[in-house]
Amino acid sequence: MTQQVTYLPLTRDKVEWVKSTIRDIPDFPKPGIVFKDLTTLLKDPKAFAYVIDVLAEKFANSNVKYIVGIESRGFILGSAIAHKLGLGFIPVRKPGKLPHKVETATYELEYGTDTLEIHIDAVERGERVLIIDDLLATGGTAEAAHRLLKSIGADVAGMGFVVELSFLKGRQKLPAGVEIFSIVEYE
Ligand code: AMP
């Protein structure tokens, strides 16, 4: 009998290894921001497979019907997780990209606002979904995605990220009762 491979709970070694595949780009896109560049993780086949496997395992029993990915790095991760779990994929996109009728959610940025959109008929009322993005920072993006999903009737079971910038306290912006999971944390 083949042994089922499990990755959870995460070991410190593995987390440090995933961290080592992520590149810091200081002062991008503006002075003072350290951009976590995941292109270096994604082009490493072992690291890419590992983060997909971990996120898939974490939410394998959450009884969701769809993976929702946030444009654009959430598409790369979310579609791979959807494939792994045998689920459908739903995109949350920047304004003006989706062709059918949309629901819109606006959220605050440091300067100004940003908007996300989803097709109004992306789910049936009460269907369970999981939201995936590459990184949780202030939580504005994930909170807006959650609001969008609720507005079209979805039940958000969880949110998964590769990276969490815990010092920005994004979790505090997210609703209680939604499971939030990240692989790598920066404190
Ligand atoms: P926030 O809404 O502040 O939680 O920001 C999360 C979104 O912005 C994610 O889609 C990230 O891809 C992106 N993001 C924010 N801060 C960073 C960062 N320091 N490095 C890389 N991506 C970031």
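In the predicted model, Asn63 is placed in the loop that links helix H3 (45-59) to strand E3. The phi angle of Asn63 is near 60°, which is a positive value in a residue other than glycine. Strand E3 (66-70) is followed by a loop leading to helix H4 (73-85), and Ser72 is located in that loop. The peptide bond running from Glu71 to Ser72 is cis, with an omega value near -5°. A cis peptide bond is also found between Phe28 and Pro29, where omega is about 0°. Pro29 belongs to the loop between strand E1 (23-26) and strand E2.

These local features are set within a chain of mixed secondary structure, made up of five helices and nine strands. Read from the N terminus, the order of the elements is α-β-β-α-α-β-α-β-β-β-β-α-β-β. The radius of gyration of the protein chain is 16 Å, close to the 16 Å given by the globule rule for 187 residues, so the chain is as compact as a globular protein of that length. The C-alpha trace spans about 50 × 45 × 30 Å along its principal axes.

The ligand was examined next. The space that the ligand takes is the largest pocket. Two or more residues of the shell around the ligand are contributed by each of strand E2 (34-37), strand E7 (128-136) and helix H5 (140-151). The ligand is surrounded by 13 residues, of which Arg73, Asp134, Thr138, Gly139 and Thr141 come nearest. By residue class, the shell consists of five nonpolar, four polar and four charged residues.

Polar contacts to the ligand involve both backbone and side-chain atoms of the protein. At Lys36, a polar backbone atom is 2.9 Å from a nitrogen atom of the ligand. At Asp134, a polar atom of the side chain lies 2.8 Å from a ligand oxygen atom. At Thr141, an N or O atom in the side chain is 2.5 Å from an oxygen atom of the ligand. Taken alone, the ligand exposes 480 Å², and 82% of that area is buried by the protein.

Technical notes. Residues are numbered from 1 along each chain as its sequence is written. This is a predicted model: local features need pLDDT of at least 70, side-chain atom pairs count only at pLDDT 80 or more; totals for chains, interfaces and linings use all residues. Side-chain values use heavy atoms; hydrogens and water are left out. A residue is near a molecule or strand if one of its heavy atoms lies within 4 Å of it. A polar contact is a pair of N or O atoms within 3.5 Å; within protein, one must be able to donate a hydrogen and the other to accept it, and residues adjacent in sequence count only if both atoms are side-chain atoms. Accessible areas come from the Shrake-Rupley method with a 1.4 Å probe; for residues, only the protein chains shown count as cover. On a 1 Å grid over the protein atoms alone, a cavity is a set of points where a 1.4 Å probe fits but cannot get out, and a pocket is an open set with protein on both sides within 12 Å along at least five of seven lines; lining residues have an atom within 4 Å of a point. A molecule sits in a cavity or pocket if more than half of its atoms lie within 2 Å of its grid points. Helices (H or I, at least four residues) and strands (E, at least two) are DSSP runs, numbered from the N terminus. Ala, Val, Leu, Ile, Met, Phe, Trp, Tyr, Cys and Pro count as nonpolar, Asp, Glu, Lys and Arg as charged, and the others, Gly among them, as polar. The radius of gyration is taken over C-alpha atoms; the globule rule is 2.2 Å times the number of residues to the power 0.38.
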